[in-house]
Amino acid sequence: MDCLFCKIIAGEIPSKKVYEDETVFAFADIAPQAPVHILFVPKKHLSGMDEVTKENSGAVARIFEVIPQVAGEQGLTNGYRVISNCGPDACQSVRHLHFHLLGGRQMSERMD
Ligand code: AMP
């Protein structure tokens with residue numbers, strides 16, 4: 001499958017890995033929008049939030065267990081933001097489900 005994040009998970013394209021377990025891979029965003037900007041992806045390819053089901057949501061749950069752990073390790077003691085863009089209206093540019101962890105600065109109240 002011609003998927004950028006699948007290639008990163010497989011090690012075919014280099015990344016700055018932050019975390020890995022059986023189902024989750026996390027790496028630094030190549031164009032960070034905050035001092036800490038990490039992408040969390042399920043290793044099994046899902047194109048986006050629109051493909052999450054009762055059958056595959058375990059990987060998503062695992063990501064949400066890992067995010068607070070990594071946020072702590074990154075020193076985000078004053079809070080952080082988690083975003084998943086889904087589809088064209090949300091400007092999703094990579095069709096492999098991912099969650100952005102953004103932190104290390106004061107965020108805007110607006111989220112668009
Ligand atoms: P989205 O626009 O929500 O689909 O987010 C895709 C994210 O992937 C963007 O923030 C990009 O900066 C990031 N990105 C694209 N290519 C790479 C790469 N090779 N390594 C790390 N992050 C990447």
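**View 1. The second largest pocket has a volume of about 160 Å³.** Its lining holds 13 residues, with Asn78, Gly79, Tyr80, Gly104 and Arg105 closest to the centre. A pocket here is an open set of points on a 1 Å grid over the protein atoms alone, where a 1.4 Å probe fits, with protein on both sides within 12 Å along at least five of seven lines; lining residues have an atom within 4 Å of a point. Volume is the space filled by probe spheres set on the points, which are joined across faces, edges and corners. This is a predicted model, with local features needing pLDDT of at least 70 and side-chain atom pairs pLDDT 80 or more, while totals for chains, interfaces and linings use all residues. Residues are numbered from 1 along each chain as its sequence is written, and side-chain values use heavy atoms, without hydrogens and water.

**View 2. The largest pocket offers about 830 Å³ of space.** Here you will find 32 lining residues, and Asp29, Ala31, Gln33, His37 and His100 lie nearest the centre. The ligand takes up this very pocket (more than half of its atoms lie within 2 Å of the pocket's grid points).

**View 3. Polar contacts reach the ligand from Asp29, Cys91 and Ser93.** Such a contact is a pair of N or O atoms within 3.5 Å. A polar side-chain atom of Asp29 sits 2.5 Å from a ligand oxygen atom. From the backbone, an N or O atom of Ser93 lies 2.7 Å from an oxygen atom of the ligand, and a polar atom of Cys91 is 3.3 Å from a ligand oxygen atom.

Conventions:
A polar contact is a pair of N or O atoms within 3.5 Å; within protein, one must be able to donate a hydrogen and the other to accept it, and residues adjacent in sequence count only if both atoms are side-chain atoms.
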